[in-house]
Amino acid sequence: MNEHANPTVELYDTTLRDGAQQADLSYTVEDRLRILHKLDQVGFPFVEGGWPGANPRDTEFFKVATKETLKTSTLTAFGMTRRAGERAEDSQVLRDLLDAGTEIVCLVGKSWDLHVTEALRTDLQDGVAMVRDSVELLRAQGRRVFFDAEHFFDGYRSDSAFAMAVLAAAEEAGAERLVLCDTNGGMLPFDIATVVREVQAQAGVPLGIHVHNDAGCAVANSLVAVEAGVHQVQGTINGYGERTGNADLIPLTADLVLKMGATDALPAGAVEHLTELAHYVAEIANLAPDSRQPYTGRHAFTHKAGLHTSGVARLTRAYEHVPPEAVGNRRGVVASDYGGGATIRMKAAELELDLDDVAIPAVVEQIKERESRGYAFDVAEASLELLMRRASGWTQPFFEIESYRVHVEERMGDDEQPLAEATVKVRTQGTRHIESTEGQGPVDALDTALRKALANDYPALDQMALEDFRVRVLSGAHGTAAVVRVLIDLSNGEREWTTVGVSENIIEASWEALVDGYTFGLVHPRTP
Ligand SMILES: [Zn+2]
């Protein structure tokens, strides 16, 4: 598979700068520090921290982050060249970059003639000088400089002489990397490969690639750039970024290391931490991890159809492009009514459950029966696991529910939300707990009451958070009443799981999913 001559690749992460441009994202300074340390721990050589001076939060981050001790990562600052008609010495932007105090600065400059003449309203000669002067000033102050050639591919197509003159100016002034950017993200792999080869023939320093995903090609474009000779690859964890995002460093790194032989891109063994890294950053970003993310998504190695899964059980290599453990993921099998016994047998092996030839058909029957009533075990694997455990004779040892009730109070007054009040009676290890709480809605109230009742005996509940709650009304067949399916996502910061409840009554369905959710969390505590 590997005919790519083991390229040497340098990974450059811009999750904290370009990735933070995503519309629904915002990080506190503490969030950024946590991500920085995680990237350092996994072994990313360069981490771009932000644009000092662009907003107070970025400036503050550099004050704190430059004092942190990092093992493998070098923190870099990003910023723009001097303005048109300005002297580099007078540039506030460059001064802010120097004040950030990083060893390396990633300086962005315009390499598309259209932007110079139309947006900056200056001539191309000044466009080149802006880059040269700015790099020179940073070099004179002892900074190492990576140069990001903004809109390079569009610029090269429009006026290649100008685009190349900009690169040459940056190189002559002392930039050590010339990073070719597809800022609009519209290029296709063929465009990228051709241009990189042409530039490569003229450049005296290593090239880099920085692409956005607007044409759905960011990872592919980065890979062809590497094959065409690029050394530095820029991207973000989970592909976060403005519009459709940046190149996703998660699958990109896995492709580079596992398939293109760029084994030096991360320290030995680090690729096995990609799943954990992807989920960690998603958690801090407060976004649900993409279950279909290549390599690391929860369903990236989930097999569904019956024939197929019995095939997987026999010979994984025949159905998987890489072993899931290679990136720290796990093989999953979607159990569904067309899965049959082989699926359940495989699932049992995965969970290390002892299900014999009597128990397996019984589980298959139960799944079929429940799915016909509206349960969806292919999306609620935690509930499936509990069902299978119970089929093997297991009962959960953690708590015993005596009763629960909830009522909703319509409150008078314009701004008043309806208030729900729940009471839960539970026994844990012989102790009886009665907890009443109020909440925003019945599920919130029940959740809070149940957690309070269990919190003393099970402090692990503090680490569990209810991430999402989805309700679907399934229309009743043949004159029966409609039923409600509730899916609940919980997370303990290390893994997420989904449980399901079904009933004609939404409170009952929610309660079933909640109880399963906390039970599963107690069966699988976080690694200490
Ligand atoms: Zn960008």
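Strands here are DSSP runs of E, at least two residues long, numbered from the N terminus. By that rule, Y404 lies in strand β11, residues 400–409. The model is a predicted one.

**Around Y404**

Y404 has 26% relative accessibility and therefore counts as partly exposed, since buried would require under 20%. V424 is 20 residues away from Y404 in sequence, yet their C-alpha atoms are 4.4 Å apart. Y404 also touches T423, L446, I507, E508 and W511, among others.

**Zinc site**

Which residues coordinate the zinc ion? D18 does so through OD, and H210 and H212 through NE2. The distances run from 2.0 to 2.2 Å. Along the chain, the donors follow the spacing D-x191-H-x1-H. D18 sits in the loop between β1 (10–13) and α1 (29–42), and H212 in the loop between β7 (207–211) and α9 (218–227), so this pair ties together parts that are 194 residues apart in sequence. Both D18 and H212 are buried.

**Cores**

The largest nonpolar core holds 92 residues. F44, F147, F152 and L256 have the most contacts inside it. A second, separate core has 33 residues, including F398, A422, L450 and V515. Back in the largest core, consider F147. Leaving out residues up to four places away in sequence, F147 touches L107, V108, G109, V131, V166, L167, A170, A175, R177, L178 and V179.

**Two positive phi values**

Most residues other than glycine have a negative phi. H151 departs from this, with phi near 50°. H151 is placed in the loop between β5 (144–150) and α6 (152–158). Its relative accessibility is 7%, so H151 counts as buried. Y295 also has a positive phi, near 75°. Y295 is found in the loop between α11 and β9 (302–303). Y295 counts as buried because its relative accessibility is 3%.

**Pocket and cavity**

Rolling a probe the size of a water molecule over the atoms shows where empty space is left. The search of the whole structure finds 2 cavities of 30 Å³ or more. The table sets the largest pocket beside the largest cavity.

| Property | Largest pocket | Largest cavity |
|---|---|---|
| Volume | about 960 Å³ | about 80 Å³ |
| Residues from α11 in the lining | 5 residues | 3 residues |
| Nonpolar lining | 6 residues | 3 residues |
| Polar lining | 13 residues | 4 residues |
| Charged lining | 17 residues | 5 residues |

Which residues lie nearest the centre of the largest pocket? They are H279, R330, E494, R495 and E496, out of 36 lining residues. Several elements each supply at least two residues of this lining: α1, α11 (274–285), α13 (340–350), α15 (381–391) and β16 (496–503). The largest share comes from α11.

The largest cavity is lined by H279, A282, E283, N286, L287, P289, E467, S491, G493, E494, R495 and E496. Again, α11 gives the most to the lining. H279, E494, R495 and E496 are among the residues nearest the centre of the largest pocket, and these four also line the largest cavity.

Definitions and conventions
Residues are numbered from 1 along each chain as its sequence is written. This is a predicted model: local features need pLDDT of at least 70, side-chain atom pairs count only at pLDDT 80 or more; totals for chains, interfaces and linings use all residues. Side-chain values use heavy atoms; hydrogens and water are left out. A nonpolar core is a set of buried Ala, Val, Leu, Ile, Met, Phe, Trp, Tyr and Cys residues joined through side-chain atoms within 4.5 Å. Buried means under 20% relative accessible area, exposed over 50%, partly exposed in between (1.4 Å probe, protein chains only). Contact means heavy atoms within 4.5 Å. Donors are N, O and S atoms within 2.8 Å of the metal (3.2 Å for Na, K and Ca); water is not among the atoms, so sites may look incomplete. Helices (H or I, at least four residues) and strands (E, at least two) are DSSP runs, numbered from the N terminus. On a 1 Å grid over the protein atoms alone, a cavity is a set of points where a 1.4 Å probe fits but cannot get out, and a pocket is an open set with protein on both sides within 12 Å along at least five of seven lines; lining residues have an atom within 4 Å of a point. Grid points are joined across faces, edges and corners, and a volume is the space filled by probe spheres set on the points. Ala, Val, Leu, Ile, Met, Phe, Trp, Tyr, Cys and Pro count as nonpolar, Asp, Glu, Lys and Arg as charged, and the others, Gly among them, as polar.
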